[in-house]
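Biologist: Got a minute to go through this model with me? I'd like to hear about helix packing and the ligand site.

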Amino acid sequence: MTPLGAVLARRIAAEGPMRLDHYMAECLLNPDHGYYATRDPFGASGDFITAPEISQMFGEVLGLCLAQVWLDQGAPARFILAEPGPGRGTLMADLLRSIAAVPGLSDAAEVHLIEASPTLRAVQRARLGARPVTWHDSLDTLPEGPLFLIANEFLDALPIRQFERRGRAWAERQVGLSPEGALIPGLAPPVALERLEPRLADTAEGDVVEISPGAPAFAGAVAGRIAARGGVAIFIDYGNWRSLGDTFQALRGHTPESPWANPGAADLTAHVAFEPLAEAARAAGARPSAMTPQGVLLERLGITARAERLARGLTGAALDTHIAAHRRLTHPAEMGHLFQTLAITPAGAPLAPGFDPAADPTF
Ligand code: SAH
């Protein structure tokens, strides 16, 4: 058992079964043994690879999207350019390089990163070179001002709760101990939950529904700032409109494993539900886009033209890798459809380029 596994087993023995969101938070962010708190998990030798690590094109075309929104909103002389969960800082570095082409834009951007991991803060510092950067533990300390925020694979790391349907009630999944002392999943007694009342209409006996308490709260707080001061938020993650089914997963060395096997040593994620993000944005007075597939968004933002341009300087294996990266980011059978995106803009402002408008006629 991992060191964190031993700590959690002792706690469960003393206090009883743990909620899944509490387990996930400990596994990812425990200051001594948490997954993100203690390592740099990215790249070929790490546990997983993300879109910005696949190709510079990802950050470049998203940077141009932000640039267009900045122009559409009257080119504010100073704005907050923020990224929660920036990993190795690659997306921000690529984005800053591409927006440098727009006169005045880069100088107007004040870079703020929200990062829980001291290890990754150091990697981000090195990646962003001389550029002044301020780090934050949470959104709360970001300064006031127009907010341009981009988040790739951040919301999927926020802890979730899981509920299994039993009649018209819901049994919460928890982490308990086997007779041998191993961590195992279990179920709390079913209770009726007002919050899941709407899901009685589209679920059946035994179905699992996930709730991320943090994701809509984060999107709502961001949307409130955007409604008040302008800007845009772009969320990119694997997920669906509405949560249905168990999507809690552990990944270690690029291989899926049981989320109970190596607490603190494997990455834990869950699919993001986009409907609660859109609802939170609306409740905060901002305008959500429709959920738009990553492949569609990147194509509309010009990734293929950019890919052709970059391909001109490449031959042999480097060219093959480049072509594969374009395909991987955009093709529906790869990340193009599994990953979805949502933009939030002020209610009266134009939609961010590349995004589908929400079907709701009030916007
Ligand atoms: N966006 C990056 C990294 C994604 S991994 C990329 O696309 O490559 C998730 C990132 O979120 C990591 O940087 C991790 O340390 C950070 N993170 C996870 N939970 C967090 C939290 N609650 N607060 C702040 N950062 C968090």
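Modeller: Sure, one definition to start: axes are lines fitted to C-alpha atoms, for helices over the stretch in contact, and angles run from 0 to 180 degrees between N-to-C directions. Helices are DSSP runs (H or I, at least four residues), numbered from the N terminus. This is a predicted model, where local features need pLDDT of at least 70, side-chain atom pairs count only at pLDDT 80 or more, and totals for chains, interfaces and linings use all residues. Residues are numbered from 1 along each chain as its sequence is written, and side-chain values use heavy atoms, with hydrogens and water left out.

Biologist: OK, at what angle do α1 and α2 pack?

Modeller: About 150°, with the axes 11 Å apart; α1 covers residues 3-15 and α2 residues 20-29. That makes the two roughly antiparallel, a word used for angles over 145 degrees.

Biologist: And is their crossing left-handed or right-handed?

Modeller: Right-handed, meaning the near helix is turned clockwise from the far one by less than a right angle.

Biologist: Which residues meet there?

Modeller: L4, L8 and R11 of α1 meet Y23, E26 and C27 of α2, where contact means heavy atoms within 4.5 Å. By class, four are nonpolar, none polar and two charged. Here Ala, Val, Leu, Ile, Met, Phe, Trp, Tyr, Cys and Pro count as nonpolar, Asp, Glu, Lys and Arg as charged, and the others, Gly among them, as polar.

Biologist: What about α5 and α6, how do they pack?

Modeller: α5 (residues 56-72) packs on α6 (residues 90-99) at about 55°, with axes 7 Å apart. They're therefore oblique to each other, the label for angles that are not under 35, over 145 or 65 to 115 degrees. The contact includes F58, L62 and L66 from α5, and L91, L95 and I99 from α6. Its residues divide into eight nonpolar, four polar and three charged.

Biologist: Switching topic: how many residues surround the ligand?

Modeller: 19, and T50, G85, G87, E115 and N152 are the closest. A residue counts if one of its heavy atoms lies within 4 Å.

Biologist: Where are the polar atoms of T50 and E115?

Modeller: The T50 side chain has an N or O atom 2.5 Å from a ligand oxygen. For E115, a polar side-chain atom is 2.5 Å from an oxygen of the ligand. G87 uses a polar backbone atom, 3.0 Å from a ligand oxygen.

Definitions and conventions: A polar contact is a pair of N or O atoms within 3.5 Å; within protein, one must be able to donate a hydrogen and the other to accept it, and residues adjacent in sequence count only if both atoms are side-chain atoms.
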